[in-house]
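This report describes a structure for a reader who has not seen it before. Please look at the sequence and the structure first, then read on.

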Amino acid sequence: MTLNDWLFGRLTVQAALPFYSAIATAAASIVVVGALAVVVLLTKFRLWRPLWSEWLTSLDHKRIGIMYVVLALVMLSRAVVEAVMMRAQQAVSYDSPGYLPADHFAQLFTTHGTIMIFFMAMPFLTGIINYAMPLQIGARDVSFPLLNSVSLGLTAAGAALMMISLCIGRFSTGGWSGYPPFTELAFSPDVGPDYWIWAVTLSSIGSTLTGINFAVTIYKERAPGMHLFRMPLFCWTALCTSILMIFAMPPLTVATALLALDRYAGAHFFTNGGGGDVMNYINLFWLFGHPEVYILILPAFGVYSEVFSTFSAKALYGYRSLVYATMAIAVLSFTVWLHHFFTMGQGANVNAVFGIATMLIGIPTGVKIYDWLLTMFRGRIRFAVPLLFALGFILMFAIGGMTGIILANPGIDYQVHNTVFLVAHFHNVLIPGLLFGMLAAVQYWFPKAFGFRLNEKWGRTVFVLWTAGFLFAFMPLYALGLLGLPRRTVEYFQGAYRPWTLIAAFGALLLLLGLFAVGAWLFVSVRQRDDNRVPAGDPWNGRTLEWSMSAPPPEYNFAVRPRVTGRDQFMRDKLGGMAYLRPDEYEDIEIPLGSAVGPLLGIAGILCGFGLTWHIWWMAAGGLLLSIGTVIARSFVRETTRIVPAGEVRLQHEAWLGRLAMERPASRDQEIAPSNRGLALADGS
Amino acid sequence: MAAAPFWFALLLVVLSGCAQTGSSMLHPWGMVAAAQRDWLVIAVALMMIVVLPVFVMVPLFAWRYRRRGGRGVYRPNWTYARVLEYPIWGVPVLIVAALAVMVATRETDLDPYRPLPGAGAPLEIDVVALDWKFLFIYPKEHVASVGLLAIPRGRPVSFHLTSDATMQSFFIPALGSQIYAMAGMETQLHLRADRDGVLDGENTQYNGADFQNEHVRVEVVPDASFARFLAECRVAGRVLDPSSYRMLAVRDTLVKAKAAFGLPPDGRLLFGDVQPGLFASIIAKYHPGDRTMRMAGQAE
Ligand code: HEM
Ligand SMILES: [Cu+2]
């Protein structure tokens with residue numbers, strides 16, 4: 001082993017630089033320039049220190065939540081651009097190689113899928129739950145604030161590996177599911193699958209920890225009187241998602257770890273020869289993969305439940321039904337994984353059982369849709385942006401659900417499996433389902449987090465572009481799938497596909513505009529923030545506890561822990577004239593001090609992942625040592641919390657109450673006018 | 001957005017028109033694909049019972065109960081009505097029950113492993129998935145072809161599949177089901193073509209840089225022409241033995257494989273003789289320790 005090998009492992013200039021296609025080079029340059037620009041800006045405005053001490057090392061669940069969402073939005077931008085590139089390729093690749101080399105196209109669908117699931121959707125919903133759930137249950141923080149920061153660090157490390165892979169070397173071509181034997185050394189000897197393995201492993205460990213943290217928080221940190229059946233529905237969905245994370249992420253970690261053993265240690269878990277069996281990987285992967293789709297969708301269901309109720313000015317219809325339906329979905333989601341491989345050769349009866357189990361999930365899902373509908377029934381509906389997303393969701397999700405049940409018929413799946421019909425189906429549930437839910441959540445909770453409302457017009461533009469873009473981009477894929485177009489195809493040879501791929505490309509263009517619109521939405525809103533301030537904290541005449549405090553909330557959330565006597569506690573308080581009371585007594589509040597452990601473990605994760613990927617063993621070992629050292633060092637830290645004295649809490653709370661007294665309550669007709677300062681007229685509507 | 005079901009319906013209509021030019025399940029050439037299409041239509045129709053009301057009720061409720069100008073009554077605390085629970089849970093239950101009965105009863109009909117009725121004894125074909133081409137061995141006829149599959153019309157075909165490379169999924173959309181081909185394992189598929197013509201077959205499981213080129217020309221022909229195809233193989237005079245098989249198994253495209261055998265890109269790569277037991281030995285080589293497998297390989 002030469003010194004060079006020792007120092008750089010497999011990393012050579014040739015292998016590293018992304019010169020295999022001009023487009024990849026350009027993409028890498030954009031990432032590098034973007035990163036440099038961020039560094040320059042941070043330096044110029046002297047923001048490094050506040051970034052480190054107030055954000056990166058913060059253990060405040062609200063800040064961690066916001067950082068998760070920022071991560072998700074950054075990764076969303078990359079993944080959407082990649083998606084549009086793929087659609088553009090298929091628009092021009094009828095009987096022609098198009099503009100993307102086959103290998104580059106394969107990296108695109110792999111990075112797009114991997115990012116969208118692990119580094120867009122998961123951080124997004126984790127961020128939203130992190131922000132809203134503790135506030136909704138009346139908690140001061142999650143149960144394990146440090147663990148929360150560690151989860152974020154690990155997830156961000158995975159995302160960083162994804163970005164590094166764009167600039168150094170190449171990524172896997174094995175799809176987001178990374179099926180061996182294709183991802184084994186025999187067929188993919190390059191670094192691609194290793195990048196994939198470590199990015200996904202980091203994210204899966206982060207998500208397992210998150211699941212534990214959230215579940216414990218919901219069980220242990222609820223305010224007095226907040227019985228489980230008094231929790232807002234969003235908290236129920238958060239609970240179910242967390243439980244799913246706890247049980248579903250480990251099979252994925254195991255699958256990627258075994259694949260890593262195959263690739264690094266010459267094991268034969270999933271190789272063709274040597275007693276390996278690819279079917280074990282496929283089972284493990286989907287043992288994670290199917291619950292995963294419910295991890296993704298349930299929090300969005302929770303958001304829609306809040307949105308329908310708030311913007312219909314009405315309590316949620318069929319709360320218990322919705323809770324039972326959510327639980328049923330969570331449990332059933334572990335019993336259906338086989339529907340991802342009906343075509344693997346098992347017997348017809350096995351397929352039938354799993355097909356029917358899958359359809360059973362359609363029942364609680366159908367129930368939910370009708371419960372939301374009946375929440376609107378006899379309400380007073382305001383077409384605010386979150387409600388628009390919710391309406392779009394219900395209509396389009398009905399179609400996505402239907403095609404899901406179509407796919408659950410093994411007899412039909414034999415025909416449409418692995419075609420773009422499937423691609424259409426899962427985007428049909430993920431875009432109107434998950435993504436719309438998350439965007440609705442942003443519009444809904446943003447004023448709480450930052451103290452001002454987001455621009456409604458741009459919000460509507462985002463909604464229109466994403467809806468139209470989605471319909472144009474994905475409805476044609478149902479057609480293409482029935483016509484037999486396989487997924488992950490860089491080029492095709494049937495003229496009949498042509499018109500549909502062109503329509504889909506048009507849709508993708510709209511979606512790209514939709515992405516820009518998201519940027520404009522945030523940008524314009526920040527510029528106009530002074531017109532849209534809601535310091536009183538309740539811009540939507542909200543029903544649940546998070547609206548009962550200032551916007552943005554104090555670090556400790558609640559000046560005094562609320563007492564809960566029923567569902568929709570804050571609405572009860574407002575109607576009963578019991579909101580915004582001055583408590584007799586304040587208490588000292590203990591809050592966690594910031595800690596560098598999370599970011600350090602993240603850095604250790606990057607070093608480990610990068611070192612392992614490139615066989616730079618000293619770096620991998622260094623990363624491992626850094627992580628162990630960090631944990632040991634932390635165990636010597638004695639002061640991990642600080643006390644906010646009762647007097648200070650009193651001052652802050654009274655100052656806010658004083659401001660409240662000066663605000664004029666806004667009626668719902670003023671909801672999107674500057675006169676909505678976050679104090680709602682307590683007339684129930 | 002309210003146009004979504006309309007889109008979907010339009011899609012199905014336009015599709016069945018378009019499909020005339022291509023070959024797919026919407027314009028089936030075999031009994032399996034036809035059954036799948038029928039099942040799809042029934043399933044969609046059944047689910048419309050839950051989906052359509054949503055499409056009516058969402059716009060209706062949104063309009064009637066809108067805050068400004070809406071005419072519906074306002075009952076902020078109306079959150080439960082037992083009479084409504086019955087249809088809300090009952091209708092989806094009934095529909096899923098209907099679908100489940102369909103799955104339970106029909107699934108065995110569409111089971112890829114189930115032999116199909118038809119004219120004459122099933123034609124046996126062994127399929128070896130290679131990167132990036134399919135090898136078809138006709139064990140009884142002792143011929144083989146690569147990237148080309150000739151089958152007689154009306155006669156059921158019984159495929160046995162394995163892979164000598166990545167995992168793949170063998171699929172002829174116009175005829176019916178697809179099934180995975182995996183190394184060291186054997187899967188089965190039964191299809192029957194009911195009309196003459198040239199169809200497209202493909203691998204649907206991504207397996208590398210030339211995945212998109214892994215197509216099969218499927219020729220459905222009358223019995224007499226099938227005999228001519230067999231003769232054509234024999235006239236070609238090639239023998240499929242370990243050495244020629246090694247040439248085929250090189251990880252490359254069909255066109256390259258043809259070139260290796262001195263054929264132009266549109267040439268027909270056929271073998272007039274096949275070493276007995278080749279298929280079993282391809283499977284057995286992934287089980288070096290397994291004596292029964294090895295002996296099965298030798299016995300054939
Ligand atoms: C912005 C809109 C989006 C567009 C235009 C888009 C487009 C695409 C395209 C073209 C593919 C490749 C299809 C093929 O294999 O032929 C794909 C795959 C995929 N997309 Fe998206 N997508 C979008 C949003 C999303 C979202 C929001 C998610 C998840 C949250 C997602 C998850 C995936 C996954 C998991 C795959 C499969 C990757 C694989 O084949 O391994 N996409 N998408
Ligand atoms: Cu699934």
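## Annotated spans, ligand shell and local features

UniProt, in an unreviewed entry, lists "domain: Cytochrome oxidase subunit II copper A binding" for residues 120-232 of chain B. UniProt positions are given in the numbering used here, feature names are shortened, and annotations may be inferred rather than shown by experiment. This is a predicted model, in which local features need pLDDT of at least 70 and side-chain atom pairs count only at pLDDT 80 or more, while totals for chains, interfaces and linings use all residues. Residues are numbered from 1 along each chain as its sequence is written, chains are lettered from A and ligands numbered from 1 in the order in which they are written, and side-chain values use heavy atoms, with hydrogens and water left out.

Further annotations come from UniProt. An unreviewed entry gives "domain: Cytochrome oxidase subunit I profile" for residues 46-565 of chain A. For chain B, an unreviewed entry marks residues 39-62 and 83-104 as "transmembrane region". The table gives the computed content of these spans; helices (H or I, at least four residues) and strands (E, at least two) are DSSP runs, numbered from the N terminus.

| Span | Helix | Strand | Distance between end C-alpha atoms |
|---|---|---|---|
| Residues 46-565 of chain A | 69% | 0% | 48 Å |
| Residues 120-232 of chain B | 9% | 50% | 22 Å |
| Residues 39-62 of chain B | 100% | 0% | 34 Å |
| Residues 83-104 of chain B | 100% | 0% | 31 Å |

Next comes the ligand. Of the 24 residues around ligand 1, those that come nearest are H112(A), W176(A), H427(A), R487(A) and R488(A); a residue counts as near if one of its heavy atoms lies within 4 Å of the molecule. Three polar contacts (pairs of N or O atoms within 3.5 Å) can be named. H112(A) has a polar side-chain atom 2.8 Å from a nitrogen atom of ligand 1. W176(A) places a backbone N or O atom 2.7 Å from an oxygen atom of the ligand. For R487(A), a side-chain N or O atom is 3.1 Å from an oxygen atom of ligand 1.

In chain A, α5 (61-92), α6 (102-136), α15 (420-450) and α16 (456-482) each give two or more residues to the shell around ligand 1. The largest share, seven residues, belongs to α15(A). By class, the shell holds 17 nonpolar, four polar and three charged residues. Here Ala, Val, Leu, Ile, Met, Phe, Trp, Tyr, Cys and Pro count as nonpolar, Asp, Glu, Lys and Arg as charged, and the others, Gly among them, as polar.

Some backbone features remain. Most residues other than glycine have a negative phi, and most peptide bonds are trans. A cis peptide bond joins A551(A) to P552(A), with omega about -10 degrees. P552(A) sits in the loop between α17 (498-527) and α18 (569-575) of chain A. Another cis peptide bond links D131(B) and W132(B), where omega is about -5 degrees. W132(B) belongs to the loop between β1 (123-130) and β2 (133-138) of chain B. R378(A), a residue other than glycine, has a positive phi near 65 degrees. The loop that holds R378(A) runs between α12 (348-376) and α13 (385-408) of chain A.

Key
Polar contact = N/O pair within 3.5 Å; in protein donor to acceptor, adjacent residues only side chain to side chain.
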